[in-house]
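Trainee: Could we go through this structure together, slowly, with the meaning of each term as we meet it?
Mentor: Gladly. Have a look at it here, and then ask away.

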Amino acid sequence: ETVGSKVCFLDGRPFKNEYRRYRIRRAENDDYASIREVVSRRYREAGEGHELFPDVILIDGGLGQLHAALEALEGMPHTPPMVISLAKKEELIYIQERAEPVRLARNNLGLKLCQSIRDEAHRFAIGTHRAKRAKALGASPLDEIDGIGPRRRRALMKHFGSAKAVSRAGVEDLKSVDGISAEMAQRIYDHFHERR
């Protein structure tokens with residue numbers, strides 16, 4: 001359930017209208033490839049001149065993550081004014097086309113702003129990841145049946161005890177559940193028996 005996130009700060013404050021979540025399409029868990037994917041998806045229109053780049057693009061990570069983002073931006077006809085990255089632990093700031101990172105004092109307001117942006121992106125991405133994981137873990141074969149919503153699902157689970165028991169039930173047994181019509185009972189039965 002790999003996800004990417006983009007947060008936006010305007011005048012040093014979160015601008016939540018511009019927050020975006022990205023479901024990573026690649027199967028493997030590759031940080032650099034994920035950054036390239038998100039950056040290219042996000043800035044494609046800006047690269048074509050249909051949208052403005054922000055004043056600064058801040059990438060979460062070190063030099064490798066910065067290079068991945070710059071690779072994604074390479075083929076675009078327009079380039080952003082400034083791309084930087086913030087490495088964890090040492091809190092070093094890597095800047096495009098500079099060999100050495102910048103080390104700011106821990107109480108520097110510029111560093112604190114960069115940390116706030118990074119931490120907000122983490123918070124936003126982690127919330128999305130947890131929601132996707134919970135949904136995947138809570139998925140039930142009953143959810144695949146058209147017309148089965150939360151109320152009918154609860155009624156079936158209460159009556160039979162598990163989705164597996166529902167899948168083994170006959171049409172008459174299914175019809176005996178509160179809220180399950182003859183047509184719905186047949187639909188549930190067909191769903192499980194056509195799959196075998």
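Trainee: Which residues does Tyr 43 touch, not counting residues up to four places away in sequence?
Mentor: Tyr 43 touches Phe 53, Pro 54, Ile 57, Leu 73 and Met 76. Contact here means heavy atoms within 4.5 Å. Before we go on, remember that this is a predicted model, where local features need pLDDT of at least 70, side-chain atom pairs count only at pLDDT 80 or more, and totals for chains, interfaces and linings use all residues. Residues are numbered from 1 along each chain as its sequence is written, and side-chain values use heavy atoms, with hydrogens and water left out.

Trainee: What makes a group of residues a nonpolar core?
Mentor: The members must be buried Ala, Val, Leu, Ile, Met, Phe, Trp, Tyr or Cys residues, joined through side-chain atoms within 4.5 Å. Buried means under 20% relative accessible area, exposed means over 50%, and partly exposed is in between (1.4 Å probe, protein chains only). The largest such core has 17 residues, and Val 39, Tyr 43, Phe 53, Ile 59 and Leu 73 touch the most other members. At least two residues each come from α1 (31-47), β5 (57-60), α2 (63-74) and β7 (92-95). The largest share, five residues, is supplied by α2. Apart from this core lies another of 16 residues, including Leu 142, Ile 145, Phe 160 and Met 184.

Trainee: How do you know what to call a strand or a helix?
Mentor: Both are DSSP runs, numbered from the N terminus: helices are H or I with at least four residues, and strands are E with at least two.

Trainee: Which side chains of β5 are buried, and which are not?
Mentor: The side chains alternate along β5. Ile 57 and Ile 59 point to one face and are buried, whereas Leu 58 and Asp 60 point to the other and are not.

Trainee: What makes β5 and β6 a pair, and in which sense do they run?
Mentor: Two strands pair if DSSP finds at least two bridges between them. Four bridges join β5 to β6, so they meet that rule, and they run parallel. Leu 58 stands opposite Ile 84 in β6. By contrast, β6 and β7 pair in the antiparallel sense over three bridges, and Leu 86 has Ile 93 in β7 as its bridge partner.

Trainee: Why are β5 and β8 called edge strands?
Mentor: Four strands form an open sheet in the order β5-β6-β7-β8, with mixed pairing. β5 and β8 (102-103) are the edge strands: each pairs on one side only.

Trainee: Why is Ser 85 called buried?
Mentor: Its relative accessible area is 0%, which is under the limit, so Ser 85 is buried. Ser 85 is found in strand β6 (residues 83-86). Leaving aside neighbours within four places in sequence, its contacts include Leu 58, Gly 62, Leu 66 and Tyr 94.

Trainee: What makes the approach of Ser 85 to Gly 62 a polar contact?
Mentor: The definition asks for a pair of N or O atoms within 3.5 Å; within protein, one must be able to donate a hydrogen and the other to accept it, and residues adjacent in sequence count only if both atoms are side-chain atoms. A polar atom of the Ser 85 side chain lies 3.1 Å from the backbone oxygen of Gly 62, so the distance fits. Likewise, the side chain of Lys 6 reaches the backbone oxygen of Glu 18 at 2.4 Å. Lys 6 is in strand β1 and counts as buried at 11% relative accessibility.

Trainee: How do you know that Cys 8 and Cys 114 are not bonded?
Mentor: A disulfide is a pair of cysteine sulfur atoms within 2.5 Å. The sulfur of Cys 8 is 14 Å from its closest cysteine sulfur, in Cys 114, too far for a bond. By this rule the count comes to zero disulfides.

Trainee: Are Glu 91 and Glu 97 buried or exposed?
Mentor: Glu 91, in the loop between β6 and β7, is buried because its relative accessible area is 8%. Glu 97, in the loop between β7 and β8, counts as exposed at 80%. Phi is positive in each: near 55 degrees for Glu 91 and about 65 degrees for Glu 97.
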